[in-house]
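This report describes selected local features of one protein chain, from its sheet to its side-chain pairings and its backbone geometry.

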Amino acid sequence: MSSPEIASLSWGHMKVKGCSSSYKDCKVWPGGSRAWDWRETGTDHRPGVQPADLEEVLRKGIDLLVIGRGMSEALQVPASTLDFVKQKGVDVRVLQTEKAVAEYNKLAGQGAKVGGVFHSTC
């Protein structure tokens with residue numbers, strides 16, 4: 001199963017190829033995607049992305065995770081969260097969201113088992 005391409009990104013709006021709905025923030029993995037609802041885990045810009053935000057994507061058998069911190073990189077990613085990902089044996093890249101989407105799409109296009117979580121506003 002391949003990771004779906006992110007078809008478009010603009011402020012507050014993301015489209016994943018093959019998915020009829022659009023997202024504000026999203027999670028993607030080989031074979032699927034869904035909205036990333038921060039309320040599920042109590043996430044906020046600070047302290048930022050929590051391990052609980054990533055568990056679902058990590059369970060999908062990925063080798064690499066791309067995290068998009070937002071258009072202005074307001075979303076923090078604590079070192080403890082990065083350590084959590086690495087302990088699962090998954091490489092992680094943290095980038096500004098436009099760069100993160102480009103990196104994710106490049107890797108997905110190469111057939112990598114890549115997942116991602118992307119914040120599309122600040």
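A residue is called buried when its relative accessible area is under 20%, exposed when that area is over 50%, and partly exposed in between. By that scale K24, with a relative accessible area of 45%, is partly exposed. The model is a predicted one, and the features below are read from it on that footing.

## The open sheet and helix α3

Three strands make up an open sheet whose order is β1-β2-β3, and their pairing is antiparallel. The edges of this sheet are formed by β1 and β3 (22-23), each of which pairs on one side only. Between β1 and strand β2 (residues 13-16) the antiparallel pairing runs over four bridges, and within this arrangement S8 has K15 in β2 as its bridge partner.

Helix α3 packs on the sheet, where it touches β1 and β2, and its direction makes about 175° with that of β1.

## The surroundings of S3

S3 is placed in the segment before β1 (6-10). With a relative accessible area of 6%, S3 falls under the 20% limit and therefore counts as buried. A polar atom of the S3 side chain lies 2.6 Å from the backbone oxygen of V114.

Apart from neighbours within four places in sequence, the residues in contact with S3 are W29, P30, G31, Y104, A108, A112, K113 and V114. V114 thus appears both in this list of contacts and as the residue whose backbone oxygen faces the polar side-chain atom of S3.

## Salt bridges

The structure holds nine salt bridges. In one of them the side chains of K24 and D25 meet at 3.7 Å, N to O. The two partners differ in accessibility class, because D25 is buried at a relative accessible area of 4%, whereas K24 is partly exposed at 45%.

Another salt bridge brings together the side chains of R69 and E73, at 3.6 Å from N to O. Here R69 is buried, with a relative accessible area of 17%, while E73 counts as partly exposed at 36% relative accessibility. The side chains of E103 and R93 also meet in a salt bridge, at 2.2 Å from N to O. This pair links distant parts of the chain, since E103 belongs to helix α3 (residues 97-109) and R93 to strand β7 (residues 91-95), 10 residues apart. E103 is buried, with a relative accessible area of 16%, and R93 is partly exposed, at 33% relative accessibility. Elsewhere, salt bridges that share partners join K27, R34, E40 and E56 into one network.

## Aromatic pairs

A pair of aromatic rings is described by the distance of the centres and the angle of the planes. A search of the whole structure finds two such pairs. In the pair of W36 and W38 the ring centres are 5.7 Å apart and the planes stand at 55°, so the pair is classed as tilted. Both W36 and W38 are buried.

The pair of Y104 and F118 is edge-to-face, with 5.7 Å from centre to centre and 75° between the planes. It links distant parts of the chain, with Y104 in helix α3 and F118 in strand β8 (residues 114-119), 14 residues apart. Y104 is buried, with a relative accessible area of 0%, and F118 is likewise buried, with a relative accessible area of 0%. Y104 is also one of the residues in contact with S3.

## Backbone geometry in two loops

Which peptide bond is cis, with omega near 10°? It is the bond from R46 to P47, and P47 has its place in the loop between β5 (32-35) and α1 (51-58).

A further backbone feature concerns E73, a residue other than glycine whose phi is nevertheless positive, near 60°. E73 lies in the loop between β6 (64-68) and α2 (79-87), and its side chain is the one that meets R69 in a salt bridge. With a relative accessible area of 36%, E73 is neither under 20% nor over 50%, and so it is partly exposed.

Technical notes: Residues numbered from 1 in each chain as written. Predicted model: local features only at pLDDT ≥ 70, side-chain atom pairs only at ≥ 80, totals over all residues. Heavy atoms only, no water. Buried < 20%, exposed > 50% of the residue type's maximum accessible area, 1.4 Å probe, protein only. Polar contact = N/O pair within 3.5 Å; in protein donor to acceptor, adjacent residues only side chain to side chain. Contact = heavy atoms within 4.5 Å. Salt bridge = Lys/Arg side-chain N within 4 Å of Asp/Glu carboxyl O. Phe/Tyr/Trp six-rings, centres within 6.5 Å; stacked < 30°, edge-to-face > 60°. Pairing = 2+ DSSP bridges. Axes fitted to C-alpha atoms, helices over the stretch in contact; angles between N-to-C directions.
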